[in-house]
Amino acid sequence: MVSFSCNMNVHAVGNKSPEGNACIEGNKTEKEEKIMKKATMILDRDFAVGKVDPRMYGSFIEHLGRAVYGGIYEPGHPTADKNGFRQDVIDKVRELGIPIVRYPGGNFVSGFNWEDSVGPRELRPKRLDLAWFTTETNEVGLHEFADWAKKAGSEIMYAVNLGTRGADAARNIVEYANHKSGSYWSDMRIKNGAKDPFNIKLWCLGNEMDGPWQMGHKTAYEYGRAANEAGKMMKWVDPSIELVACGSASHAMPTYGSWEYQMLDECYETVDYVSLHRYYGNPTNDTPGFLARSMDLDDFIKEVVAICDAVGGKKHAKKKLNLSFDEWNVWYHSSEQDKEIWKGDKWGRALPLLEDIYNFEDALLAGAILITFLKNADRVKVACLAQLVNVIAPIMTRNGGGVWAQTIFYPMMHASRYGRGTALRPILTSPVYDCEDYEKVPLVDAAATLGDDGSVTIFAINRDLKEDITLACDLRAFGDLKPVEHIVLHHDDVKAINTEDNPDEVAPSKVRNSKLDDGKMNVKLPALSWNVIRLSK
Ligand code: AHR
């Protein structure tokens, strides 16, 4: 039984009061009860947030749990290719549409020697991984992962180790991966079987270096200096690369804010992006409060933008830094289970760690997060759903068995497929509710994109637990548009999940298109739903 601690009484917000907004508390009349709540949205091609960078729909594979071993890689599986990669998993990743994958960590990277992962497999060392208390066999390394990423239709975003290592190892891997030939490391890549460079364009300067759990944890000043020196040398090797500096491990870190400011003071001119990481949970079973967490995300994004610009201003810098939200998701379901796994098998290989099983409400929050990214598309250029397979992932596998989509798969797939082109700034009004951490949470949140072919896609969630809401869209600025489809993700049970045996328990369906009348369209958003409304020229 779900209990709700939030106050779902509604008020209207926005620049005008939504007509017909029914108040559901107090002495409501029968008539009032029957009036459907209403939100409004005006879109115009001139109200643009910015171009959507396709890398906003990235994901993440870490050497952790069954992400690599038992996830993407399982030699002997009936669908495995000659390199041991599961074709059924590659097909699912392609279906999801992931233009870039962050690799190889995560916390793992802060103790990783990249040289261990190249060259003849039989000579690669087995190492203790102090991030996840497992054993890393290095069976899959840079060359194998590059092959996999190509098949999956993804670019690689590669993280270097600035925890236990530094600038020298970082510049060497750029030389290994991206330099054509004629140097020690590039010739070694060729000897190891890759004649052409991997041409990795986006590089993370370490991972969560503000976190005391990180191997080689640093102060903001120490990290800023290390990132600057490593980044400077990496760009000397290949000036075409872009660099991501580590922001705080979360909005809730005690050093958040000052960390960003101080470390950027040391490396602003060298780097191109600042990273943000954020995971949400619902341990108190407060669905309205949980669904409001995208408000925290929006604050977080705007604050980090402000800090980047403050440092830029102080430095009289011409360049602006953008954001790489390179870890985001729901993560809490598996925490207790992981403690038990470690008790039983510390230093094991491919342990089933961080295997969160996602429910319907998690998919709604994932949708709200994607909407928030679109609304901030002018500065959020990269974002990675963490992670991709088995480990806090949209895609699950069974060893020797099937592959299936978790609930969070669907909003990500929809946004990646249809949320391209230019993000539009919607003028929205919606009834709102209050909850523990936030006041005036809009029951309806929405974003929209204008495709290069003139198509318009609206993404909307209805956070109302019980009531459908009419979203009145004003699309007159686009001339003739034809409704293509309205996709809805809804389940009556917020805790519903998908399993291997029942993979479509939570799955999108199509509902009847709403009619466009003189550029105006009323769309019914079912109570608790994620919606994709597609219109074409
Ligand atoms: O994605 C799981 C872990 O979460 C990553 O390794 C780390 O960067 C973060 O704390």
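A residue is called buried when its relative accessible area is under 20%. With that cut-off in hand, this report walks through parts of a predicted model, beginning with residues that fall under it and going on to helix pairs and backbone details.

## Buried residues in loops and a strand

Pro394 sits in the loop that runs between β13 (380-386) and β14 (395-397), and because its relative accessible area is 0%, Pro394 is buried. If neighbours within four places in sequence are set aside, the residues in contact with Pro394 are Leu96, Leu385, Gln387, Leu388, Trp404, Ala405, Gln406, Ile408 and Phe409. Pro394 can also be placed relative to Met412, since the two are 18 residues apart in sequence, while their C-alpha atoms are 8.6 Å apart in space.

One of the contacts of Pro394 is Gln406, which has its own place in the loop between β15 (403-405) and α12 (409-418). Gln406 has a relative accessibility of 0% and therefore counts as buried. The side chain of Gln406 reaches the backbone oxygen of Ala393 at 3.0 Å. Without counting residues up to four places away in sequence, Gln406 touches Asp356, Ile357, Tyr358, Ala393, Pro394, Met396 and Asn498, so that Ala393 appears both in this list and as the partner of the Gln406 side chain.

A further buried residue is Ser529, which lies in strand β26 (residues 529-536) and has a relative accessibility of 0%. A polar atom of the Ser529 side chain lies 2.6 Å from the backbone oxygen of Pro526. Leaving aside neighbours within four places in sequence, Ser529 is in contact with Leu364, Ala460, Ile461, Asn462, Val488, Leu489 and His490.

## Helix α2 and its surroundings

Helix α2 covers residues 87-96, and within this helix Asp88, Val89, Ile90, Lys92, Val93 and Leu96 are buried. The elements that cover these buried residues include α3 (142-152), β14, β15 and α12. Just after α2 comes Gly97, which takes a positive phi of about 80 degrees.

The pairing of α2 with α12 can be described in detail, for their axes come within 8 Å and cross at roughly 60 degrees. This angle makes α2 oblique to α12. In the contact, Lys92, Glu95 and Leu96 of α2 meet Phe409, Met412, Met413, Ser416 and Arg417 of α12, and these residues divide into four nonpolar, one polar and three charged. Leu96 thus belongs to the contact with α12, and Leu96 is also in contact with Pro394.

## Helices α4 and α6

A second helix pair is formed by α4 (residues 167-178) and α6 (residues 220-237), whose axes come within 8 Å and cross at roughly 25 degrees. Since angles under 35 degrees count as roughly parallel, α4 and α6 are therefore roughly parallel to each other. The contact is made by Ala167, Ala170, Arg171, Val174 and Glu175 on the side of α4, and by Glu229, Ala230, Met233, Met234 and Val237 on the side of α6. By class, the residues of this contact divide into seven nonpolar, no polar and three charged. As for handedness, α4 passes α6 in a right-handed crossing.

## Backbone details

Most residues other than glycine have a negative phi, and most peptide bonds are trans. The table gathers some places in the model that depart from this pattern.

| Place | Feature | Value |
|---|---|---|
| Tyr103 and Pro104 | cis peptide bond | omega about 0 degrees |
| Gly105 and Gly106 | cis peptide bond | omega about 15 degrees |
| Asn285 | positive phi | near 60 degrees |
| Trp347 | positive phi | near 70 degrees |

Pro104 lies in the loop between β5 (100-103) and β6 (127-129), and Gly106 has its place in the loop between β5 and β6 as well. Asn285 is found in the loop between β11 (273-280) and α8 (287-291), whereas Trp347 lies in the loop between α10 (335-345) and α11 (360-375).

Are Asn285 and Trp347 buried or partly exposed? Asn285 has a relative accessibility of 23% and therefore counts as partly exposed, and Trp347, at 31% relative accessibility, counts as partly exposed too.

Notes: Residues are numbered from 1 along each chain as its sequence is written. Side-chain values use heavy atoms; hydrogens and water are left out. Axes are lines fitted to C-alpha atoms, for helices over the stretch in contact, and angles run from 0 to 180 degrees between N-to-C directions. Helices (H or I, at least four residues) and strands (E, at least two) are DSSP runs, numbered from the N terminus. Angles under 35 degrees count as roughly parallel, over 145 as roughly antiparallel, 65 to 115 as roughly perpendicular and the rest as oblique. A crossing is left-handed if the near helix is turned anticlockwise from the far one by less than a right angle, and right-handed if clockwise. Contact means heavy atoms within 4.5 Å. Ala, Val, Leu, Ile, Met, Phe, Trp, Tyr, Cys and Pro count as nonpolar, Asp, Glu, Lys and Arg as charged, and the others, Gly among them, as polar. Buried means under 20% relative accessible area, exposed over 50%, partly exposed in between (1.4 Å probe, protein chains only). A polar contact is a pair of N or O atoms within 3.5 Å; within protein, one must be able to donate a hydrogen and the other to accept it, and residues adjacent in sequence count only if both atoms are side-chain atoms.
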